[in-house]
Amino acid sequence: MDHAPQNDIIRTSAAAQAAALRAGETSSEELTRAHLDRIAAVDGDLNAFLHVDTDAALATAQDIDSRRAAGEELHALAGVPIAVKDIVVTEGQPTTAGSKMLEGWIPPYDATLVQKLRAAGLPILGKTNMDEFAMGSSTESSAYGPTRNPWDRDRIPGGSGGGSAAAVGSFEAPLAIGTDTGGSIRQPGAVTGTVGVKPTYGSVSRYGLIAMASSLDQAGPVTRTVEDSAMLHELIAGHDPHDSTSLTDPVGAFTRAARAQDVTGLRVGVIEELEGEGFAPEVRARFTESLAQLERAGAEIVRVSCPNFTYALGAYYLIMPSEASSNLAKFDGMRFGLRVVPEDHPTAENVMKATRGAGFGDEVKRRILLGTYALSAGYYDAYYGSAQKVRTLVQRDFTAAFEQVDVLASPTAPTVAFRLGEQVDDPTAMYMNDIATIPANLAGVPGISLPSGLAEDGLPAGIQFLAPARADERLYRVGGALEALLEDAWGGPLLAKAPELTGGAH
Amino acid sequence: MTATDIDLVDYEDAIDRFDPVLGIEVHVELGTATKMFDGAPNIFAAEPNTAITPTSLGLPGSLPVVNGKAVEYAIRIGLALNCSIAETCRFARKQYFYPDLTKNFQTSQYDEPIAYEGWVDVELEDGEIIRVEIERAHMEEDAGKNTHVGGATGRIHGATHSQVDYNRAGVPLVEIVTKPIPDTKGRAPEVAAAYVRTLRDIFRALDVSEAKMERGNVRADINVSLRENARSPLGTRTETKNVNSFRSIERTVRFEISRQAGVLDAGQTIIQETRHFHEDTGGTSSGRPKSDAEDYRYFPEPDLVPVAPSREWVEEIRASLPELPAARRRRLRGEWGFSDLEMRDVVNADALDLIEATVAAGASAQSARKWWMGELARIAKDRDTELTALAVTPAQVAELQGLVDGTQINDKIAKQVLTKILDGGGDPTAIVESEGLAVVSDDSVLTGAVDQAIADNPDVVAKIQGGKVQAIGALIGPIMKATRGQADAGRVREIIMDKLGVS
């Protein structure tokens, strides 16, 4: 066990690490090395990272240390290391999106959010594992092997951002970037005992995110505390002229909202359609207890119906694959990444076929076929067209609900982490994991997931709050308050209850 | 019998028995500084794959952003073609796999074009005006360019490999689609070419494109169908792609009318397909069948927000439109007093701008026309080049004419001076001075020459004095020769008549 006392700092929040840096109690180089040591010790077993960039991370750390020593004004999170989901392009560092298709590809440019991380001086530890092209709810469809859940290494860490969630949950990184198309930040957060935020669509630039479904994709923070998410969200948000769907609004005061710890008079709507059948009893119990804490603290709990949420999953599984089938057409062996040249008759068309046949995994092929079918002439209206109508109905449900309440609440995922391999052969069962998170993506509204306690088998469960578009501050306000109430009740953060990982034991 | 060895029907015969209907799609490359959806420079003939960004290459993670200038240009074109401008419109993805397409979809406008329902008047050779109805004008991006290496023909067939240049990928295009153009009868080839020429002139006047056909800035897809008569339903059409000269457009239409008539005469049906035009034979050949089987799986581009040009902006653009070519031609013809025929010749010779500039520099319209349509047109033809490519400016032509009008030189010397200008000799006045070409009207010089001529030609003198005054010309000839053509012929005549005592 590498558990020397000086390394306890890696088990604290990013805000605490940042404070230690400011106080001179540690240096960014020490802090970064401690995380790299932790990765070296435990990641062989977890497989949370696809690529660790020791040299670049230390170079950034040393640069920040010397700038701090010179008295330079630095960003609040400067020097605190971060992990980035491998779907976000990083100049000079491999980016694969968990696919064979991009094995060894070194992007020639940085995503906008990565530019912001670099400008603020956060050492980038490396790139985290994920379901191939973010398609999955368990990180089992990664071409580079599944990530394991730090709470139980026989279980999945959620998906598609299982790598980012596991890295934060196992103290390999205090902060991580995820992307959420149907719940890929929030659901992994729930099953690893971490905090995950899907910002309002357009809050964080998509420029440099390898697109799965353009109208649904949204990058956001994966952290250990609500405050950490708020700080990271504030850093990566803002208008980007390279993304025409990026919001022009000023970035909200998320950190202040997270620290406010006041829910007096806040109306919390419980979504009737997302707490009944299909949700495990202990997951529901932790959810109910969390609501009771909020009520005691002065919030008002209201039951709200969103009748069209019943159809959200079906609509999502038409719109998402339709956009994905189009977005993934560029992976054809012509300009970058894998190229497979068949021996007989190597025409351009046959190269494209062979490359796509060899480069894409089963889940990706399944969704490309679904999407191609849904968009094809004669079926467009019945499938894609109908799904867009349902999307409008889901948006109307949200509008109506937010006339009654300030935020909506539900369990984040229907169950705790399931076992590796348990749902791999049952795509429909796998898709059900995102039933509570998907409506937010369809409507573009923001959502947060934070731990609600331990449920079956001593595994973490999560509670999700949703707010109207551009009202992300409310999520931090209710999330920060509930986190404080629950930690009081538990006597500390939930992650402190996680079993200690012993390197290579699996 | 296959469609490739069908007997062509004589064109006149085909027109007698069938009614052709045209449909034309014109693509124009916009002359914006940057591409349609990214900041890569929009330039011609750079080194391959240098005018690119991650977005032009469709790299993973890249996103498009609409070029506001391209939208403005599209609106200018729409307004010039009398179209309505959409209050809001969207881009869509047109999906197919091809190596020159970086994303394997083309970002284009599908069911929501920026401009729709317009018209343009097209003037034919003889002055007849045909109104062509415009269905839509929409924005899209160009694809890259494939070069096939290793084959004899440069075509993909027989090539060992292909190279792709993405410099052109993402260049902004506007595609203008006509409604079916009926009632052109035997003039269909001329109407097709005149329509595309009219658009080309409009693009240039609007300053939205260099509109050079030879560079592919303007490309036309020519749809032709035949029906029995004007009351019959439309026949099946063929679409001949990327025809890029006016002559080729005429030949395409003429050939397709003869070919389709042959197919129909043979009892076969026309296949809806794309075809290719061949410059060497003047014929077209089958491309790929364009049937219902083709499925582009269009859907709204989710990476772009809708384009919603404000009405104020549209009206601002409308107010800033320049005078369009047809109106300008009408105005200039009136100002210059040209006949219809003269004006048409000037337009066809691409000399309108040159003459206008020459007039602006001080020449009369008729003299400007005479220079450009006469001597300069002849020189351009001899040198196998364009009028606009000659190394003489309208200002120099006006200056030259000024020297003639001021009798500093005569017409013959003026032509010599012009040759020297074209050979890089500088401005006319400077040439006349440095080469000593000015007309000699100094009596002392001229009197000597006259005396010499009188002495040399006693028989001619006798004739003149005998009353045949027109014989004076026989004396002037040698004088002009002696003075290298620079003698003032009028003054010479006066001196001779003086000396011989005739009047």
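Helices here are DSSP runs of at least four residues and strands are runs of at least two, numbered from the N terminus. On that footing, chain B of this predicted model comes to 16 helices and 14 strands. How spread out is chain B next to a compact globule? Its radius of gyration is 30 Å, well over the 23 Å that the globule rule gives for 503 residues, so chain B is more spread out than a compact globule. The C-alpha trace of chain B spans about 95 × 55 × 50 Å along its principal axes. Half-and-half is a fair way to put the burial, with 50% of the 503 residues of chain B counting as buried. As for the contacts in chain B with a separation of 6 or more, 68% come from residues 24 or more positions apart.

Next comes the meeting of the two chains. Chain B puts 31 residues into the contact, and chain A puts in 38. About 2600 Å² is buried between them, with carbon and sulfur atoms giving 60% of that area. On the chain B side, the residues that lose the most area to chain A are B:Pro60, B:Leu63 and B:Arg297, which together make up 22% of what that side buries. Polar contacts also cross over: 16 residue pairs count between chain B and chain A. Strand E3 (92-95) and strand E14 (299-300) are the elements of chain B that give two or more residues to the side touching chain A. Sorted by class, that side of chain B has 19 nonpolar, seven polar and five charged residues. Which side chains form the one salt bridge found across the interface? They are A:Arg206 and B:Asp303, which meet at 2.8 Å, N to O.

Over all chains, the structure holds 62 salt bridges. In chain A, A:Arg470 pairs with A:Asp249, and their closest N and O atoms are 2.7 Å apart. A:Arg470 sits in the loop between E11 and helix H16 (472-490), while A:Asp249 sits in the loop between helix H7 (226-236) and helix H8 (254-260), so this pair ties together parts of chain A that are 221 residues apart in sequence. A:Arg470 counts as exposed at 53% relative accessibility, whereas A:Asp249, at 27%, counts as partly exposed.

Chain B has salt bridges that link parts with less sequence between them. B:Arg131 and B:Asp121 come together with closest N and O atoms 2.9 Å apart. B:Arg131 belongs to strand E6 (residues 129-141) and B:Asp121 to strand E5 (residues 115-123), so the pair ties together parts 10 residues apart in sequence. B:Arg131 is partly exposed at 45% relative accessible area, and B:Asp121 is partly exposed at 30%.Another pair, B:Glu315 and B:Arg318, has its closest N and O atoms 3.0 Å apart. Both residues lie in helix H5 (residues 311-319) of chain B, three residues apart, or about one turn of the helix. Salt bridges that share partners also join B:Glu323, B:Arg328, B:Arg331, B:Glu335, B:Asp353 and B:Glu356 into one network.

Conventions. Residues are numbered from 1 along each chain as its sequence is written. Chains are lettered from A and ligands numbered from 1 in the order in which they are written. This is a predicted model: local features need pLDDT of at least 70, side-chain atom pairs count only at pLDDT 80 or more; totals for chains, interfaces and linings use all residues. Side-chain values use heavy atoms; hydrogens and water are left out. Contact means heavy atoms within 4.5 Å. Buried area is the accessible area (1.4 Å probe) that two parts lose on being put together, summed over both. A salt bridge is a side-chain nitrogen of Lys or Arg within 4 Å of a carboxyl oxygen of Asp or Glu. A polar contact is a pair of N or O atoms within 3.5 Å; within protein, one must be able to donate a hydrogen and the other to accept it, and residues adjacent in sequence count only if both atoms are side-chain atoms. Ala, Val, Leu, Ile, Met, Phe, Trp, Tyr, Cys and Pro count as nonpolar, Asp, Glu, Lys and Arg as charged, and the others, Gly among them, as polar. The radius of gyration is taken over C-alpha atoms; the globule rule is 2.2 Å times the number of residues to the power 0.38. Buried means under 20% relative accessible area, exposed over 50%, partly exposed in between (1.4 Å probe, protein chains only).
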